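I opened the model and kept notes as I went. The entries below follow the order of my lookups.

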Amino acid sequence: MTSTIDDRTEAARAPQGRRHLFSRALAGVIAAGVVLAVGELLSVLIDQNSSPFYAVGSTTVDRSPAWAREFAISTFGTNDKPALFVGMTVLIAAFAAVAGILERQGAPFGSALLMVLGGVGVYAATHRPSATWVYAVPTLAGLVVGIVVLRILTVAAQMPEGNDGVDSRWPRRKFLVLAATAAAAVAATGAAGRYLGQRIAGAVDNRNDFAIPSVVDKASPIAPGTDIGVPGGTSFVTANDEFYRIDTALRVPRMTTDNWELHIHGMVERELTLTWDDLVARTPVERMITLTCVSNEVGGILAGNATWIGYPIKNLLDEVGVDPEADMLLSTSIDDFTAGTPVEALRDGRDAMLAVAMNGQPLPFEHGYPVRQVVPGLYGYVSATKWVVEWELTRFDAADAYWTKRGWAEKAPIKTASRIDVPAPFAPLVPGPVLVAGTAWAQRRGIETVEVRVDNGPWEKATLARQYTIDTWRQWTWEWQATPGLHTLQVRATDLAGNVQVEKRMPPIPGGATGWHTRSFTVA
Ligand SMILES: Nc1nc2c(c(=O)[nH]1)N[C@H]1C(S)=C(S)[C@@H](COP(=O)(O)O)O[C@H]1N2
Ligand SMILES: [Mo]
């Protein structure tokens, strides 16, 4: 079948060969795209975990060791998911291009390679939590269509070109037409899959129709002097669309209040399954609480403060009657993330709640719609389960939660922390008074003092904004008489329990980073 090419002179063969190589590679990439798109479309009918692309991505996330998560978060921040998708796409495209180049009419090496790729998809899909053999169907069907496409494109790419100038244009044009058709099909199928997925859930409408529960036990108003509004500083309340997002969900679960239920079981006197109506029949409270991620580096931005409306967890625990031997509430989300929270922390009087509203809005899908946990004083991974659907009362010596299995600490109270927000890094400064400002937090303990020092000089007390509660962060300012040259500013906080922020630089694993936030400035 390559005889036509072999008949040519050396001179004619070179560009021809390169073009064929490109066409073949493209054919492989398109075929792989078809596998994924068809898989995606069919997964809509089964479960998003049965989509090959999603399943492989989620498996990668779940099987990543602790250092890989820290690398991803410290390198890409909250863009860790797009980064994973881009990485996967590049890898799959490279693999598929090789498959396309290897494919021959009589020797389907490329098809074999696609099957290997498909095998990875089938493996990932059928090994997702709660998967059955049906989860293999989208990938397998995609594989069949993808291989057919690869065969057709390979034949088209190998069409002998006529010796006269007119005919020789046809095979290439035909290939281009086929390629364009396949690409359009890929795009259309992918889009249809995504669209259908969202529509079927009906979640967007459900959220739009959501009625915020009315609350009697409201959060106290923000007194003057709490949010001092330094230009460029961190605002006291974090807007929902600016609130940091950290989770393992490659696709945000789109639940509705209709399909939400919380099943409470384990070491309890009475099992209980709460529907949405059951939940909202209870009495909600409104509180302002600052959340913090254990992966937050010293000076990092993985913390946010919001007003939450929710149902006290303590009341629900009282309802089911917790066995005195149970010391852990293992909460599970719809996508099988788990957190282990000390029962003690849920009953000691702090405002631990099943939250349903955030800053006067229904929870954004990214932040757990329709129900998530909010527990003051504990890092999110041990307490803040979003899309929560199951509670098991158990023991720390009997169960391990998602991140604990991967090397993080079993219990994780938030560490006393402070950071410099203003001036921004590399801000051009001139000698004279410079307003330095920032935030400090020590949820459950509260901030007592914040101190700043320049070039390792004596610590000087910053001016604190009014403390809202011990469960929220606190703003501070300090006036610096800047002199020309390069200077290093450092900040540390002391909480109301007398703990000085730990100086020693430690990474986030296993229980949260420590160290004093440092920023250098050139004053000219
Ligand atoms: N379902 C689910 N809930 C989760 C997580 C997750 O991966 N899945 N991550 C936790 C972590 S590590 C943190 S820090 C908080 C972050 O909440 P946010 O994204 O609303 O800021 O959610 C917690 N709840
Ligand atoms: Mo986190």
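**Glu103.** I asked first whether Glu103 is buried or exposed. Glu103 has 0% relative accessibility, so it counts as buried (buried is under 20% relative accessible area, exposed over 50%, partly exposed in between, with a 1.4 Å probe and protein chains only). I placed Glu103 in the loop between α5 (80–102) and α6 (109–126). Helices here are DSSP runs of H or I with at least four residues, strands are runs of E with at least two, and both are numbered from the N terminus. I then listed contacts, meaning heavy atoms within 4.5 Å. Setting aside neighbours within four places in sequence, Glu103 touches Arg24, Pro108, Phe109, Gly110, Ser111, Leu150, Arg151 and Thr154.

**Ground rules.** I noted that this is a predicted model, where local features need pLDDT of at least 70, side-chain atom pairs count only at pLDDT 80 or more, and totals for chains, interfaces and linings use all residues. Residues are numbered from 1 along each chain as its sequence is written, chains are lettered from A and ligands numbered from 1 in the order in which they are written, and side-chain values use heavy atoms, with hydrogens and water left out.

**Leu378.** I went to another loop residue. Leu378 sits between β9 (372–374) and β10 (388–394). Its relative accessible area is 8%, so Leu378 is buried. Beyond the neighbours within four places in sequence, Leu378 is in contact with Thr341, Pro342, Ala345, Arg350, Ser383, Ala412, Pro413 and Ile414. I also took one distance: the C-alpha atoms of Leu378 and Thr256 are separated by 27 Å, with their positions 122 residues apart along the chain.

**Salt bridges.** Arg350 was on that contact list, so I turned to charges next. In general, side chains of opposite charge can pair when their charged atoms come close. My rule was a side-chain nitrogen of Lys or Arg within 4 Å of a carboxyl oxygen of Asp or Glu. How many salt bridges does this rule give? The count is 19. Arg350 pairs with Asp348, with the closest N and O atoms 2.8 Å apart. Arg350 is buried at a relative accessible area of 15%. Asp348 has 35% relative accessibility and counts as partly exposed. Elsewhere, salt bridges with shared partners join Asp80, Lys81, Arg245, Asp247 and Lys386 into one network. Within it, Lys81 meets Asp80 at 3.9 Å, N to O. Both Lys81 and Asp80 are buried. Arg245 and Asp247 have their closest N and O atoms 2.8 Å apart. Arg245 and Asp247 are buried too.

**β1 and its partners.** I counted two strands as paired if DSSP finds at least two bridges between them. Strand β1 (residues 261–266) runs antiparallel to β2 (residues 272–275), with four bridges. Leu262 is opposite Leu274 in β2. A hairpin of five residues links β1 to β2. β1 also runs parallel to β10, again through four bridges. There, His263 has Glu390 as its bridge partner.

**The four-stranded sheet.** I read the order β11-β12-β16-β15 in an open sheet with antiparallel pairing. β11 (417–422) and β15 (463–464) are the edge strands; each has a single partner strand, so one side of each lacks a neighbour in the sheet. Five bridges hold β11 to β12 (residues 432–441). Ser418 has Ala440 of β12 as its bridge partner.

**β17 and β18.** Seven bridges join β17 (residues 485–495) to β18, running antiparallel. Leu489 is opposite Arg519 of β18. Which face of β18 is covered? In β18 (residues 517–523), His517, Arg519, Phe521 and Val523 make up the covered face, while Thr518, Ser520 and Thr522 lie on the uncovered one. In a regular strand, side chains alternate between the two faces of the sheet.

**Helix α3.** I checked the span of α3 (residues 52–63), expecting 1.5 Å times one less than its number of residues. Its twelve residues should span 16 Å, and the end C-alpha atoms are 16 Å apart, which agrees. Buried residues in α3 include Pro52, Tyr54, Ala55 and Gly57.
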